[in-house]
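Q: I would like a close look at a single part of this model. Please keep the description to what can be read from the coordinates.

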Amino acid sequence: FSVKSVKNKKKAEGEEVVGDEGEGGSSVELECLCDLTRHQKSVNIVRWSPDGTLLASGDDESVIILWQLKPSSGNESSAPRLFDDDGPENKENWVVYKMIRSHLDDVYDLAWSPCSQFLLSGSVDNSAIITNVHKNQKVAILSDSQGFVQGVAWNPKHPVLATLSSDRKCRFYNSNTKKIITRTYKALLNMPTNKLSRKKKDNKDSKVNKESDSSKNDENNKMETDEGKEGDKGKEGEVEKKQDGEDKVGRLFHDDTFKGFFRRLAWSND
């Protein structure tokens, strides 16, 4: 994968700029600064550390590589050439700082701690691992998941971690004690479709009852029967309301039939 520079450039009158034009005649330019080629298999995730000094990347070979920008001296070439010997030179030289091999299978997601000292990783091996990046040491293994851990997130303000896996459960951990706090997988969902389906069912039952009693009683008896039905219908409505309340409990996350590769998480700013 490559590190690119993004610039928002104001276009002067009559000037042609390569890139997508935005508001006010401005354009966005992409400039390739460095091509990072140490991975042997597909790269699934790339994350900058909060302090901006390290770049973490995880791949399908269970390897996490930490990259660091190496300052270039004035006497030596800034960096190896891009892609091949005949290609343009890298403008920045990003070198391997650490290689983390904590997982047994593909690495799907990464999340940095706010202090940039620890890295939380999720993998196909059904685990999430906290690693001290500078010591290259495992700090904790979160192995409660019964499926692929496809999403991880580190709360920027509170000592809370979150993982989301293919077993359709989101788990929350205390980042200090590394103990699980709670898990969630279902919630009460107030869906309009439930009300609509109940209304259709009531109309259908009412129509069947009216047809069965229509021709045998006179008008007064029919009115009394309808009043009785209204009473019964009120009781049935209470039962159906309770049943409908149970139906509103729904699963929050899809199972493996959903053809999504990741289950990424993100915390709100507060």
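Q: Leaving aside its neighbours within four places in sequence, which residues is Asp-109 in contact with? Please describe the surroundings of Asp-109 and then the aromatic rings.

A: The model is a predicted one. Asp-109 belongs to strand β8, which covers residues 107-112. With neighbours within four places in sequence left aside, Asp-109 is in contact with Ile-45, Arg-47, Leu-120, Ser-121, Gly-122, Gln-150, Gly-151, Val-152 and Arg-264. Asp-109 counts as buried because its relative accessibility is 1%, and the cut-off for buried is under 20%.

Two of these contacts involve polar atoms of the Asp-109 side chain. A polar atom of that side chain lies 3.0 Å from the backbone nitrogen of Val-152. The side chains of Asp-109 and Arg-264 are joined by a polar contact of 3.2 Å.

As for the aromatic rings, the count of aromatic pairs is two. One of them is formed by Trp-48 and Trp-94, with 5.4 Å from centre to centre and 70° between the planes. This pair is edge-to-face because its planes are 70° apart, and the cut-off for that class is over 60 degrees. Trp-48 is in strand β4 (residues 43-48) and Trp-94 is in strand β7 (residues 94-100), so the pair links distant parts of the chain, 46 residues apart. Trp-48 is partly exposed at a relative accessible area of 44%, whereas Trp-94 counts as buried at 9%.

Charges also sit over rings. Lys-98 lies over the face of Tyr-97, 5.5 Å from the ring centre. Lys-169 lies over the face of Tyr-185, at 5.3 Å from the ring centre.

How values were computed
Residues are numbered from 1 along each chain as its sequence is written. This is a predicted model: local features need pLDDT of at least 70, side-chain atom pairs count only at pLDDT 80 or more; totals for chains, interfaces and linings use all residues. Side-chain values use heavy atoms; hydrogens and water are left out. Rings of Phe, Tyr and Trp (its six-membered ring) pair if their centres lie within 6.5 Å; planes under 30 degrees apart count as stacked, over 60 as edge-to-face and the rest as tilted. Helices (H or I, at least four residues) and strands (E, at least two) are DSSP runs, numbered from the N terminus. Buried means under 20% relative accessible area, exposed over 50%, partly exposed in between (1.4 Å probe, protein chains only). A charge sits over a ring if NZ of Lys or CZ of Arg is within 6 Å of the ring centre and within 35 degrees of the ring normal. A polar contact is a pair of N or O atoms within 3.5 Å; within protein, one must be able to donate a hydrogen and the other to accept it, and residues adjacent in sequence count only if both atoms are side-chain atoms. Contact means heavy atoms within 4.5 Å.
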